[in-house]
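Welcome! Let's get to know this structure through a few questions and answers.

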Amino acid sequence: MPFGRVFHLRREADGQPVGIVTELGSEVREVVAGGLASQQGVPPLAISPLSMEPCTWTLTEINGRPLNLCSREGEARDRLAAVGRAVTILLQPTDFVNKVIKKGLKSLRGYKEFLLG
């Protein structure tokens, strides 16, 4: 994961929001200013390795478990809310995820076998 960044977040209490708002899939819509993620160093935007312009983040793993990149079910939101006090997230620039990872995966015959259910 050449452009991924891992962040280790530590909640002060069980159920404390991590301060990351996701779209229906795993794209980060907002890193809440003053929220836990922001306080612990998660930048609000990534720099696209393809255009060198700011872009959003995409969550690809939570606590070492990969997320389905094609899911529209709110899996990332649910997992962020369900985990304990220590949360490890892997964020990657959305441009890279959409234009390289997803596009490359979809070019493979039988790519759906590689997606998490």
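Q: Which residues are exposed on the other side of helix 2, away from its buried ones?
A: A word first: this is a predicted model. In helix 2, which spans residues 75-82, the buried residues are Ala76, Arg79 and Leu80. They lie on the same side of the helix, because their arc around the axis is only 100°. On the other side, the exposed residues are Ala81 and Ala82.

Q: Which strands are included in what covers the buried residues of helix 2?
A: The residues to be covered are Ala76, Arg79 and Leu80. Their cover includes strand 2 (20-22), strand 6 (57-62), strand 7 (65-66) and strand 8 (86-93).

Q: Is Ser48 buried or exposed?
A: Ser48 sits in the loop between strand 4 (46-47) and strand 5 (54-55). Leaving aside residues up to four places away in sequence, Ser48 touches Glu53, Cys55, Pro93 and Asp95. Its relative accessibility is 0%, and the cut-off for this class is under 20%, so Ser48 counts as buried.

Q: Which helix gives the most to the lining of the second largest pocket?
A: This pocket has a volume of about 150 Å³. Its lining includes Thr94, Val97, Asn98 and Lys102. With four residues, the top contributor is helix 3 (residues 94-106).

Q: How many residues in the lining of the second largest pocket are charged?
A: Among the lining residues are Glu23, Glu27, Arg72 and Lys102. By class, the lining has three nonpolar and five polar residues, and the number of charged ones is four.

How values were computed
Residues are numbered from 1 along each chain as its sequence is written. This is a predicted model: local features need pLDDT of at least 70, side-chain atom pairs count only at pLDDT 80 or more; totals for chains, interfaces and linings use all residues. Side-chain values use heavy atoms; hydrogens and water are left out. Helices (H or I, at least four residues) and strands (E, at least two) are DSSP runs, numbered from the N terminus. Buried means under 20% relative accessible area, exposed over 50%, partly exposed in between (1.4 Å probe, protein chains only). Contact means heavy atoms within 4.5 Å. The arc is that of the directions from the helix axis to the C-beta atoms. On a 1 Å grid over the protein atoms alone, a cavity is a set of points where a 1.4 Å probe fits but cannot get out, and a pocket is an open set with protein on both sides within 12 Å along at least five of seven lines; lining residues have an atom within 4 Å of a point. Grid points are joined across faces, edges and corners, and a volume is the space filled by probe spheres set on the points. Ala, Val, Leu, Ile, Met, Phe, Trp, Tyr, Cys and Pro count as nonpolar, Asp, Glu, Lys and Arg as charged, and the others, Gly among them, as polar.
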